[in-house]
Amino acid sequence: MNDVQRINRRFLILFISFLILVASAVIGMIMASLRIVDGNIQYVVYFGILLLMIILVSLYKTAFDRTSHLAYLIKIRHFQGTPLPINHSQNDVLLEQKLRQMEFSRLMMDKKHQTFYKVTRDQIRNRLLKRFVLEVVVLISDDVNEFYLDEVDHDIERIQQQELSEQRKIDRMMITQIRHFKDITDEMKEQIKEIVFVNHNGGIISTINIGLHHPSSQAVLLYGDPYFPSLYYKYHVDQIKTFI
């Protein structure tokens with residue numbers, strides 16, 4: 001049994017146990033109405049079952065969310081696509097030119113990173129509502145040995161506050177983090193695999209790490225092909241293909 005089959009089995013067991021829980025609650029209420037004569041006692045039993053269901057449903061929702069997020073990552077790894085050819089990112093200057101052509105603006109530049117971003121109307125869903133998508137591209141300096149930087153978190157928070165002041169709601173974020181490297185090492189592969197895809201309460205955060213390996217002119221990243229957990233994730237990967 002592979003990882004995909006295991007996570008599917010876990011989700012199925014979780015779903016069946018939830019159905020059993022709901023059925024038990026319904027049966028319990030029916031039995032209480034048939035066997036308990038005292039209306040006050042019936043009310044107490046109904047209230048107790050309802051309170052217990054509220055608690056258990058909340059726990060199940062958390063479990064479903066965690067299982068779904070884990071399933072996304074497992075399936076992306078299982079259907080991992082091949083490295084992409086480098087067309088526009090031979091160096092940071094050319095990549096910046098391409099990003100500006102795609103209407104990205106530079107927010108921050110320091111010794112550790114550069115942050116580019118753009119905010120667009122959500123054209124995938126909620127077309128009738130004023131929902132916006134934040135796209136962020138981070139170029140990490142060669143002497144930095146990690147993808148996730150506190151400075152990037154501060155940049156994103158700054159963008160969110162800026163957009164909030166303009167009354168633009170952002171609940172979809174697509175973050176691309178890029179590093180150059182000369183050698184393909186196991187450590188680098190593991191860092192590239194540390195992606196994020198969260199779909200929670202209608203909000204989506206997608207983070208994809210990219211290693212630009214110039215000796216082979218390839219961009220190494222973890223993405224599913226043909227599996228995509230959502231249309232937003234597919235859009236994210238398609239955007240990467242455009243500027244890489």
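**Strands, core and empty space**

Mentor: In this predicted model, Leu134 has Met173 in E5 as its bridge partner.

Trainee: What makes E4 and strand E5 a pair, and in which sense do they pair?

Mentor: Two strands pair if at least two bridges are found between them, and E4 and strand E5 (residues 169-181) have 9 bridges in the parallel sense; they therefore meet the requirement of at least two. The chain goes from E4 through helix H4 (residues 150-165) to E5, and this β-α-β crossover is right-handed.

Trainee: Which sense describes the pairing of Strand E3 and E4?

Mentor: Strand E3 (residues 113-121) pairs with E4 in the antiparallel sense, over 9 bridges, and Gln114 stands opposite Leu139 in E4.

Trainee: Why is strand E4 described as largely enclosed by the rest of the structure?

Mentor: A residue counts as buried when its relative accessible area is under 20%, and 9 of the 10 residues of strand E4 (residues 131-140) are buried, so the strand is largely enclosed by the rest of the structure.

Trainee: Which residues of the largest nonpolar core touch the most other members?

Mentor: The largest nonpolar core has 31 residues, and Ile178, Ile210 and Phe243 are the ones that touch the most other members. Among the elements that give two or more residues to this core are helix H2 (39-78), helix H3 (92-101), E4 and E5, while the largest share, 5 residues, comes from H6.

Trainee: Why is the space lined by Phe104, Glu135 and other residues called a cavity?

Mentor: The word cavity is used for space where a 1.4 Å probe fits but cannot get out. The structure holds 1 cavity of 30 Å³ or more, and the largest cavity has a volume of about 50 Å³. Its lining includes Phe104, Glu135, Met174, His236 and Phe243, with E4, E5 and H6 each supplying at least two residues. The lining residues of the largest cavity divide into 5 nonpolar, 3 polar and 1 charged.

Trainee: What makes the largest pocket a pocket rather than a cavity?

Mentor: A pocket is an open set of points, whereas from a cavity the probe cannot get out. The largest pocket holds about 180 Å³ of space, and its lining includes Gln80, Pro83, Ile184, Lys189 and Leu222. Helix H5 (186-192) and strand E8 (218-221) are the elements that give two or more residues to this lining.

Trainee: How do the lining residues of the largest pocket divide into nonpolar, polar and charged?

Mentor: They divide into 6 nonpolar, 2 polar and 2 charged; Gly81 belongs to the lining, and Gly counts as polar.

Definitions and conventions. Residues numbered from 1 in each chain as written. Predicted model: local features only at pLDDT ≥ 70, side-chain atom pairs only at ≥ 80, totals over all residues. Heavy atoms only, no water. 1 Å grid on protein atoms, 1.4 Å probe; cavity = no way out; pocket = protein on both sides within 12 Å on 5 of 7 lines; lining within 4 Å. Points joined across faces, edges and corners; volume = space filled by probe spheres on them. Helix = DSSP H or I, 4+ residues; strand = E, 2+ residues; numbered from the N terminus. Buried < 20%, exposed > 50% of the residue type's maximum accessible area, 1.4 Å probe, protein only. Right-handed = clockwise from strand over helix to strand, strands pointing away. Core = buried A, V, L, I, M, F, W, Y, C linked by side-chain atoms within 4.5 Å.
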